[in-house]
Amino acid sequence: MVKKEVITRQRSPAAHNSPARRLIPARSAPPRERRAREPRRRGKGSAGGGWNGARARRGEGESAPPHPRGWVKGGQVRVDCPLASPDLLTLCVLQKLVTQAEQIQAAYPWQDSIKESDIQYYDSKVDADYVRYREFIIPLKPDSNFTEENLMANPQSIALEFVEDPNFKNKVNYSYTAVQIPTDIYKGSPTILNELNWTQALEKVFIDNSREDPSLRWQAFGSATGVTRYYPATPWRTPYKIDLYDVRRRPWYIQGASSPKDMVIIVDVSGSVSGLTLKLMKTSVNEMLDTLSDDDYINVVQFNEKADVVVSCFRTLVQANLRNKKIFKDRVMHIHAKGTTVYRSGLQYAFEQLMNDTTNSPRANCNKMIMMFTDGGEDRAEEVFEKYNWPNKTVRVFTFSVGQHNYDVAPLQWIACANKGYYFEIPSIGAIRINTQEYLDVLGRPMALAGSRAKQVQWTNVYQDALGLGLVITGTLPVFNLTADNDYKNQLILGVMGVDIALSEIQQLTPRYKLGPNGYTFAIDPNGYLLLHPNLQPKNNFREPVTLDFLDAELTDSNKEEIRRLMIDGKAGQRKIRTLVKSIDERYIDEVLRTYIWTPVEGTDYSLGLVLPTYSEHHIRANLSDQILQVQLKDTTDFESLLPHTFESEGRVLIAPREYCKDLELSNNNTEFLLNFIALMEKVTPDSKQCDNFLLHNLILDTGIIRQLVEKVWKTKDLNTYGFLAVFAATDGGITRIFPNKAAETWEEDPEPFNATYYQRSLDNKGYIFRAPYRSRESNTILQEQENDTLGILVTTSVEITVGSRTVRPAVVGVKLDLEAWTSKFKILASNQTDNTRQGSQMCTPTSGCEMDCDAHEDLLCYLIDDGGFLIMSNQINDWGKIGMFFGEVDSALMYALYNNSFYQRKLMFDYQTECAPVHTSNTGAAPRGVFVPTIADFLNIAWWTSATAWSLFQQMLYGFAYHSWFTTDDIDAADTSEHRETSCIRQQTQFYFGNISSAYSIVQDCQNCSRVIHAKRINNTNLLFVVAEKLPCNTCDVEKLSQEEIELIQEDACLNMPPPRYRKGPTNCFDYNTAENTTDCGRGHSFRPSIHTLLLLQLLLLSLVAHPYILPFSL
C-alpha cells in the first residue's frame, strides 16, 4: 500500500537552530610567530612558578629537567563539560582548553639552559619538500634532481605515521599534536624552546577533548611567540611555495588577541624619505594593513609640511575589509617623496580623523591609535598631544623608525612612550613582518588585565583552512599569562586558543531536500557577511578571508536591504517579497515570489534565514515500507525498471547522487551508483535508521509514477512524428528518466534535478520554458554536425498538483526538439499575413499592412529569442550555427533595438568570489645584485651589530665571497624564487530579462543612412519573443553592442562609483583602557654617535673597498 500526504514545511528557522548553533565551536587554524630579536621573557616574577620563578627556589643555573616530549605537570584542575547539549559542549571545550593552558603555563618553570636536544615534538614542516638554494628557500619540485640537505630537517622531530581521515580531508595522526613555526623564527632560541616545552602538555587536553566529542575538528593554540600547536597532527601544507604563514597574521588570531581598532596610519613623504627607505615604508604600511580584520576601521594619511589622505574618496575612517585594503595598498605604492618633515601636520590630521564623530560614519569606537612611519626627526609635537590626547591618553601612538639613518631616535621613542604606544625600528626588509604586528601585544594589555570579563568567544568570518579542511569558521578565546610580573599583574597575552567548524558539516545539517530545489537556508554575521548560502562558492584557493556580503550574493533590492539590517540587529521576522533571482548557469534572471524567515542564533552573533517559494511551503511525504519489502521478495516491476537491461525498452534512468543510506557507496558513474542502490535495497529494512526515510520513500514513489508515464504515454507515441528527439521527466525525489535510451547518450543535464537550471526555472515560471545549448562567441562549435546526431532544444514545464488549498510542484516534464525539423515548422508557424490578400513586394511600415511571411520572403529575418536574450530558432540557414548564442553576437543592432524599446531590461552584476592569474615578472635580473653599504655609525654602534640587519648582511657577504657571484646578473626562475599567489578579483556580467511589454509592437530602427521596420511579440505561455525584421539596408549601425560575457572589472580610479558603506554592527565589548596598565615598556632605541670625522673617514674607506675589491688581501 502506497501512502502519501501533503505536509506543510516547518517555516520557522527556530527548527534549524541546532544545526546553526552547532557552528559555535570548532577548531583553530595553524600557527603564528614572535619576535625576530630575542623576545622578552614573559612573567619574570619570583612568586609562584611562572617562567622565571623556579630560579628563586632552585638556585642560579638549576632548572627542572625537560620532559622528553615536553613538560607535563600533574594535578591540573579538571574542567568537566556538560553532556546534555552539544552546543554547550563545544563552547565548553574552548573554555576548558584556555583554563588548562593558563594553569599549565603558570606552573611551568622557565629554563635558561634548555637545548633543542632536550625536547621532542612533531615538526609539521619536516615532511615538506624544501631545500636550500643559494640565499633563497625554495620548494623542491617532484622532478628535481637537487640533492642538497632538507632545510626543514629537524633531528628532534618525531617520525609519525598518518592515516586518511575524510572528516579532516587529510592524513592525520590522533596520538600527537603538530607544531608549526614560521620560517623567519629561530627554532633554537630559549623562548621558542620553552614555548614548545610547556605547550606539549596541551597534547593530552586536545586528545581528551576529541575523545569526548568526536565531532571536533582542528584544535589549535596560536602563541604570541609565533608557535602553533594543533591537533591532530598532520604535515604542513605549502606545496611548491615559500612558507610565509604566520599565525599572528591570521584573522582568527587577530580577532582573539585584541579588541577592534580605529587606526590612522601616517606616512612621512618628505624629501629625506627616498630610495630604499621609501620602499621599506610602503611595504611596512601594506604589511600593517594585513594585521587588520573586518571589525577594524582604517585610514592612511601622507604628510610633509601638509597632510592629506592617500585615497581621495576616503575622507574618514573606512572598514578594513578586503576591498578597501586593496585600494589602500595600490595607492600607497604610488606615493612620492618631497618637501620637509613636519610631525605636527601629520599628527594633527590623524587626531582630527579619530576625534571627528560628527560625520556619523561607522567606526569601531575602540582602540584608537596612530601609527607613524618616518625616517626620523627632531620634532616632538608636544602641543599636538596637549591639545588632543593629554591627560587621558585615549589615543595610542606607535612610532616606526624606517631605514638606515643617523637621526636621533629619542624624539620618536618619547612620542610613543608619552602616548601609551611603542617604538619600533625597521632597518631592513627582514624586520617588517615582525615589527608591524608586535603592536598587538600592547593592545592586549587591557584585555589581559580585564581577566575573565575579556574571555568571550569571538567568531571569525569564513576563511579557507590552511590545512585543507575547506571553508571554516573559528571560535577563539584569548589565553592570559597568570603569573605575577614584579609588582604588577601580568598584562601579556600568551596566545589565542581556537576550534574550527567546517561549513560543509553545517550544510549537511540543513534540510536541503525538504526545502525543495529553490528553497535554501542562509546565515550572516554582524558585518552582513555570509556564513551559509548556496551562492557562497568561492573559486579561489588562497587564504584571504571569504567576505561575501548577503547583498552581493543575491540580486539586491530595498526589501533585502531591510531584511539584512534586521538580521544584523538580532531581530526575528518574516516577509513575503517579489524579487529577482539568478539561475544556476548565470544566464537568466527570473522575477519570483519568495518568503524570507529569519531569527537570531542563540549563543552567537549570527542570524539564520530560511527562503521558500510558495510552491515549496508544502511537500509530499510517502510511506512505502511495503514496496521496499517487495524489492527484497523480487515482487515488483518498479525497481526492475531501474535495472540497465530495461533501459533499451523503457528509457535510461538517472538517480540523484544523494546519501539515501549511510552504507550506500557513491560513484561518479550513475549506472554503477544505481546498481549499488538496488543492491542495498535488497538488504535494508523498510525503516532502517541507517537510511534517510524521507529521501528513500520519495525516490521509490517517484520511480513508480515515472514508470507508469513510460508505459501509458511515452511508449504509445511516435516521437519522430512530433519532431522530438527525446521525452523526459525529473522529480523532487531524485529520479530522471530519458526516453528513448539513445537520447541519454547526449544528455548533458545534471543528474541531480536540484542542481539543473531547467528544473529550477520550470518551477519558477508558468508555461513552457525553451532553452538551447549555450554557446559563447569563443566556443562556436556546438553545432558541429555529427553522424546520427543533431542539436536539440529543451522545452520543459512543471507538474502542478493541488490538494485542497495546498499546491505543490513535485516534478518537471519535457521534450527535446529536433532543431532541423522544428525550423521548418517554425517558418510556417511564423508566417503572418496582415492583409487577407497578398500584396507582392509591398514594403512594410508600422502603419500599413503588408505580407510578413517568413517562409516566402528570404529577406525577412525571423527569430525566436528566449527571455535571457539567447537565440532559439531562425529562418536563416546561416544562423543555425549560432543557435544558443547571445543574440547581441548574432545581430547587435537588432538586439539593441529590442533593449532600447523595453522588450528587454538589463541588470549589471558583480562576482566577488573569483580569482585572477598572478602577474608574472621577468625571469632575468635586470641589473647586478644590489649591495647595501652600512654606514660607519652602524659599524661602530653596538646595537646595530646585534640586529637582524647586521646578521643578514654578514650572511650575504659570506655568500658573495664564497660563490664569486655577488656582482653578477643571475637568471632566476621566478616560479622557484617567489610565491606566485593567486589574487582575488571582481568580475562583472550584464544579464538580460524580459521587460514589461506583453503585447505586439512595431518599431522603426534608424541607423544613420538607413532604417528598417521591426515587429516583436511575446508568445503566450512561453519564455519566447518572436521577432520579424527587415534586413538592414546599410552595412553598419552605430549602436552600443550588448554583451552578456563575464569580464574582469578593471577600474583605473577606485573612487569612481564607490558604493556607500553598508550597515553593520561591530563587537559590543571593548577592552582598550585600564588604569592598572603598565606602560613603562614602550620600546628602546640606540643613541651612540661617534665623531663626524671618524664617520666620514671610515665611510669613505668602506666605499673604496667595495669599488676596488682587488686591493683586498683575498679575492672576491
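The legends below accompany close-up views of one predicted model.

**View 1. Confidence along the chain, from its weakest helix to its best strand.**
Before zooming in, it helps to know how far the predicted model can be trusted. The mean pLDDT of the chain is 79, and 74% of the residues reach at least 70. Strand 9 (residues 262-268) has the highest confidence, at 98, while helix 2 (residues 54-58) has the lowest, with a mean of 31. Please read one stretch with care: across residues 14-78 the pLDDT stays under 50, although the model shows 258 contacts beyond four places in sequence for these residues. Residues 781-788 also have a pLDDT below 50, and the model gives this stretch 12 contacts beyond near neighbours in sequence.

**View 2. An open antiparallel sheet of 5 strands.**
The strands follow one another in the order 23-22-26-25-24, with antiparallel pairing. At the edges sit strand 23 (530-532) and strand 24 (573-582), each of which pairs on one side only. On average, and ignoring direction, neighbouring strands in this sheet are turned by 35° against each other. Within the sheet, strand 25 (residues 589-600) and strand 26 (residues 607-613) run antiparallel and are joined by 7 bridges. A handy landmark is Thr 599, which stands opposite Leu 608 in strand 26.

**View 3. Helix 16 lying across the sheet strands.**
Helix 16 (residues 558-568) lies across four elements: strand 22 (520-524), strand 24, strand 25 and strand 26. Relative to strand 24, the helix runs at about 135°.

**View 4. The disulfide between Cys 366 and Cys 1070.**
This is a good place to meet the disulfides, of which the structure holds 6. In this one, the sulfur atoms of Cys 366 and Cys 1070 are 1.9 Å apart. The link is right-handed, with 90° about the S-S bond. It connects distant parts of the chain, 704 residues apart: Cys 366 is in the loop between helix 9 (343-355) and strand 13 (368-374), and Cys 1070 is in the loop between strand 43 (1047-1048) and helix 31 (1092-1107). Cys 366 has a relative accessible area of 2% and is buried, whereas Cys 1070, at 31%, is partly exposed.

**View 5. Two disulfides that reach the loop between strand 42 and strand 43.**
Cys 1007 is joined to Cys 1037 with an S to S distance of 1.9 Å. This link is left-handed, with -80° about the S-S bond. Cys 1007 belongs to strand 40 (residues 1001-1007), and Cys 1037, 30 residues apart from it, lies in the loop between strand 42 (1024-1030) and strand 43. Both Cys 1007 and Cys 1037 are buried. The other disulfide is formed by Cys 1010 and Cys 1034, whose sulfur atoms are 1.8 Å apart. Cys 1010 is in strand 41 (residues 1010-1018) and Cys 1034 in the loop between strand 42 and strand 43, so this pair ties together parts 24 residues apart in sequence. Cys 1010 counts as buried at 12% relative accessibility, and Cys 1034 is buried with a relative accessible area of 18%.

**View 6. The salt bridge between Glu 505 and Arg 217.**
The structure holds 36 salt bridges. Here the side chains of Glu 505 and Arg 217 meet, at 2.4 Å from N to O. Because Glu 505 is in helix 14 (residues 503-509) and Arg 217 in the loop between helix 5 (202-212) and strand 7 (219-223), the pair ties together parts 288 residues apart in sequence. Glu 505 counts as partly exposed at 22% relative accessibility, while Arg 217 counts as buried at 8%.

**View 7. Further salt bridges, including Asp 569 with Lys 1065.**
The side chains of Asp 569 and Lys 1065 meet at 3.4 Å, N to O. This pair links distant parts of the chain, 496 residues apart, with Asp 569 in the loop between helix 16 and strand 24, and Lys 1065 in the loop between strand 43 and helix 31. Asp 569 counts as partly exposed, at 23% relative accessibility, and Lys 1065 is partly exposed, at 32%. Another salt bridge connects Glu 586 and Lys 582, with the closest N and O atoms 3.9 Å apart. Glu 586 is partly exposed at 27%, and Lys 582 counts as partly exposed at 33%. Finally, look for one network in which salt bridges with shared partners join Arg 323, Asp 549, Asp 552, Arg 564 and Arg 1062.

Definitions and conventions:
Residues numbered from 1 in each chain as written. Predicted model: local features only at pLDDT ≥ 70, side-chain atom pairs only at ≥ 80, totals over all residues. Heavy atoms only, no water. pLDDT = per-residue confidence, 0-100. Contact = heavy atoms within 4.5 Å. Pairing = 2+ DSSP bridges. Axes fitted to C-alpha atoms, helices over the stretch in contact; angles between N-to-C directions. Disulfide = S-S within 2.5 Å. Buried < 20%, exposed > 50% of the residue type's maximum accessible area, 1.4 Å probe, protein only. Salt bridge = Lys/Arg side-chain N within 4 Å of Asp/Glu carboxyl O.
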